[in-house]
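Grab a coffee and work through these short exercises with the coordinates open. Try each task before you read its solution.

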Amino acid sequence: MKRKSLLPLLFLLQSTVFSYGQNQSKDETDTPLSSAYFWDRTEFKVGLVGTVFWSNGLSVGAEYLWKENEKTKTRRGEERTNIHQFLFNGNLGFVTNFSSKTDTGAYTNFGLTWRRTNKKGRQFSIELNPLGYYRSFLPETYKVNGESVDKVFLPGRGYYAPSLSVGIGRQRKGKVRSGSYFNINYTMRTPYNSGALPTFSLQYGFRFNFNNKKP
Amino acid sequence: MKRPLVHTFKIVVLAIAALLLNACSNDHTLGNLDATVFVRHKGADMPAYIKGNAEEKVFLITLHGGPGGLGLGFRGKAFQQIEANYGVVYFDQRGSGMSQGNYSEDDVTIDLMAEDVLALVKVIKRIYGNDSRFFLLGHSWGGALGPATLLKDQSEFLGWINVDGSHDPKDLYFEYIRNFERVAAAQIELGNSVPFWESVYDELDKVDQNTVSLDDFNRLNILAFDAETYLNDDGLINDEESGNVNVSDYNVLTFFWNIFKIQSILDDDLIGELSFTEQLSEITLPSLVLWGRYDMVVPEFYAQEAFDNLGSGEKKLVIFERSGHSPMFSEPNKFAEEVLQFMGQYK
């Protein structure tokens, strides 16, 4: 089962890496990045994350633009230019179930995002985070070992939690609130009760580039 | 650039602190309990939802069906009445509901799950004091886990309540076949849902009559639930209330993943294998056996078998004439009355 769940992730990772490594076609050009400065290439993001009915919370993160190229193709006699970007990506989130107290946790994950932006600023992205960690937070917990019963300090469990998000978004060029996004996320928590628990969530939020001048 | 960042950071920290506070608060007021406590035992963290009125420090520990059912799945009109009088502990067993942990499939045994229940007792005593007293109630699969627990240590309990419990999954398959034949013949004679009951004979022809297989067992188990729907349509079983589990109490995906996982681990050890029939005589606690007349999932035959074999000198069998597998939902008032009377007598 473990092998089966890893296969699609490995496929996506290799296709991300290898598709980038292919020779550029004639209509594909590297674009000079607007700035080589760190803060120009870094965007922060804040969003709501959750499963609507169950755990819901907040997520913050950052994206660092690594590579960017422009692809032009002709469709129905019209030239269309899209910008393709690869971004390093990191997230930190906290979710809870307000109803039950049994589904609270924090997570962090890191990986690579591929994003396509068209001329109108509409975006499509795939975010693969092979490095992920989820830490559940449990309410009052007692550990029983033989006859001894001890209250556990900061109870919870840690899980390896790689994730994959697919989403759409909108770019706002030159503005501090530089974009918005809506992702569908799949995260696996393992080892979880002798297996790997699949979880799905929605993410909606905004990206910020504080070096942009316009509010 | 720094100001908006600091502002955002403050808001995020405050929001997370509020969420964390909500996630960890518990009310242990004995007269009006509302607490969620986790029991950490041998690689598993299992939630116990403690509710009701425990001013007398008398607790009813419930064992859900499945395996893989929901602890809070008992809640409804009947348990509301029980909660008004006693503390009720709804427990998500290992690998069920919102339980989590890290253990191997080989570690999961009925023996270990029985130890989990005894660990739960220790935790309740730790929280509410050593003078806490307990009754144990098991429904369906909980009727197998209950005896497994009591055979390990019954000294912690004042009484055992068996609700349509499966103390003998070993022979349940063959009793399914016998029971379907009996009930189908009776219902056809009465002219009730004749096409369905005739189709039951076709289904019985498809399964092996001599050897148990998991596929055949599951086929008959599903048919048993279908049959109860028809018995309800024909007015023999009361409409069941839907219970008080909120959709937000359990993450549905986690619940389904857990139930498939725990059943895939345990079913091979249960179906056609496990039986406590011979050992029921070792249970000498006061016992109450509650059964639905039209239980197709764990047929009525087992009510009498449980009652006859229990070793207690103080035992009572109650048949619910208008119920199937879950009398607490189809005859909630009578169910609560029987449980309260039993607990009142032996507390």
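A residue is buried if 20 or more other C-beta atoms lie within 10 Å of its own, exposed if 12 or fewer, and partly exposed in between. Keep in mind that this is a predicted model.

**Exercise 1.** Find where A:Lys101 sits, and decide whether A:Lys101 counts as buried or exposed.

*Solution.* Start with the location: A:Lys101 is in the loop that runs between strand 4 (78-96) and strand 5 (104-117) of chain A. Next, count neighbours: there are 25 C-beta neighbours inside 10 Å, so A:Lys101 goes down as buried. Finally, check the backbone: phi is near 70°, a positive value in a residue other than glycine.

**Exercise 2.** Do the same for B:Ser193: which loop holds this residue, and how does its neighbour count classify it?

*Solution.* The loop is the one between helix 5 (169-190) and helix 6 (194-206) of chain B. B:Ser193 has 19 C-beta neighbours inside 10 Å, so the label is partly exposed. Its phi, near 40°, is positive too, and this residue is not glycine.

**Exercise 3.** Track down the cis peptide bond between B:Gly66 and B:Pro67, and place the proline.

*Solution.* Omega for this bond is about 0°. B:Pro67 falls in the loop between strand 3 (58-63) and helix 2 (77-83) of chain B.

**Exercise 4.** Why does chain B count as being as compact as a globular protein of its length?

*Solution.* Take the fold first: chain B has 11 helices and 9 strands. Its radius of gyration is 22 Å, close to the 20 Å from the globule rule for 347 residues, so chain B is as compact as a globular protein of that length.

Technical notes:
Residues are numbered from 1 along each chain as its sequence is written. Chains are lettered from A and ligands numbered from 1 in the order in which they are written. This is a predicted model: local features need pLDDT of at least 70, side-chain atom pairs count only at pLDDT 80 or more; totals for chains, interfaces and linings use all residues. Helices (H or I, at least four residues) and strands (E, at least two) are DSSP runs, numbered from the N terminus. The radius of gyration is taken over C-alpha atoms; the globule rule is 2.2 Å times the number of residues to the power 0.38.
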